[in-house]
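Work through the exercises below with the coordinates open, and try each task before reading the solution that follows it.

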Amino acid sequence: MNRWNVFSNHGHVLLFLARHPDARLRDVAANVGITERAVQKIVRDMQDSGVVRVTRVGRRNRYAIDGQ
């Protein structure tokens, strides 16, 4: 039986970051089911479009979703 989903990978990453703002991209990739490289590209796309704000906290990143 095939599994399908309503959300795109961008949507999954966005939801995961909204729920887990301190998550590592490796953790996002593992939970969404895509590669870490794909997550990096998606986060960069969302950051460039102003949807996600990335703040450096020590050695980690914190992700904030900017509402419209």
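## Exercise 1: a salt bridge between two helices

Glu-36 has a relative accessible area of 32% and is therefore partly exposed. The model is a predicted one, and the exercises start from this residue.

**Task.** Determine which side chain meets that of Glu-36 in a salt bridge, and where the two residues lie.

**Solution.** Begin with the distance: the side chains of Glu-36 and Arg-26 meet in a salt bridge, with 3.9 Å from N to O, which falls within the 4 Å cut-off. Then place the partners, which are ten residues apart: Arg-26 belongs to helix α2 and Glu-36 to helix α3, and the pair links distant parts of the chain.

## Exercise 2: salt bridges that involve the strands

**Task.** Find how many salt bridges a search of the whole structure gives, and analyse the ones formed by Arg-62 and Asp-66.

**Solution.** The search of the whole structure yields five salt bridges. In one of them, the side chains of Arg-62 and Asp-22 meet at 2.6 Å, N to O. Arg-62 sits in strand β2 (residues 60-65) and Asp-22 in the loop between α1 and α2, so that this pair, 40 residues apart, links distant parts of the chain. To classify the partners, note that partly exposed residues lie between the 20% and 50% limits; Arg-62 is partly exposed because its relative accessibility is 37%, and Asp-22 is partly exposed with a relative accessible area of 42%.

For the other pair, the side chains of Asp-66 and Arg-53 meet at 2.9 Å, N to O. Asp-66 lies in the segment after β2 and Arg-53 in strand β1 (residues 52-57), so the salt bridge ties together parts 13 residues apart in sequence. Asp-66 has a relative accessible area of 26% and is partly exposed, and Arg-53, with 43%, is also partly exposed.

## Exercise 3: the nonpolar core and the surface patch

**Task.** State which residues of the largest nonpolar core touch the most other members, and describe the nonpolar patch on the surface.

**Solution.** The largest nonpolar core has 15 residues, of which Val-13, Leu-17, Val-28, Ile-34, Val-39, Val-43 and Tyr-63 touch the most other members. At least two residues of this core come from each of α1 (9-19), α2 (25-32) and α3 (36-48). Next, follow one member outward: once its neighbours within four places in sequence are set aside, Leu-17 is in contact with Val-28, Val-43, Tyr-63 and Ile-65.

On the surface, Val-6, Phe-7 and Leu-15 form a nonpolar patch, and together they have about 300 Å² of accessible area. Val-6 is found in the segment before α1, and it counts as exposed because its relative accessibility of 66% is over 50%.

## Exercise 4: the overall fold

**Task.** Give the order of the elements from the N terminus on, and decide how the radius of gyration relates to the globule rule.

**Solution.** The protein has three helices and two strands, and from the N terminus on its elements run α-α-α-β-β. Its radius of gyration is 12 Å, close to the 11 Å that the globule rule gives for 68 residues, so the protein is as compact as a globular protein of that length. Along the principal axes, the C-alpha trace spans about 45 × 25 × 20 Å. As a last step, consider burial and surface: buried residues make up 25% of the 68 residues, while the accessible surface comes to about 5,200 Å², with 49% of it belonging to carbon and sulfur atoms.

Technical notes
Residues numbered from 1 in each chain as written. Predicted model: local features only at pLDDT ≥ 70, side-chain atom pairs only at ≥ 80, totals over all residues. Heavy atoms only, no water. Core = buried A, V, L, I, M, F, W, Y, C linked by side-chain atoms within 4.5 Å. Buried < 20%, exposed > 50% of the residue type's maximum accessible area, 1.4 Å probe, protein only. Helix = DSSP H or I, 4+ residues; strand = E, 2+ residues; numbered from the N terminus. Contact = heavy atoms within 4.5 Å. Patch = residues over 30% accessible without salt bridge, like charges linked within 9 Å, V, L, I, M, F, W, Y side chains within 5 Å. Areas by Shrake-Rupley, 256 points an atom, 1.4 Å probe, with all protein chains shown as cover. Rg over C-alpha atoms; globule rule 2.2 N^0.38 Å.
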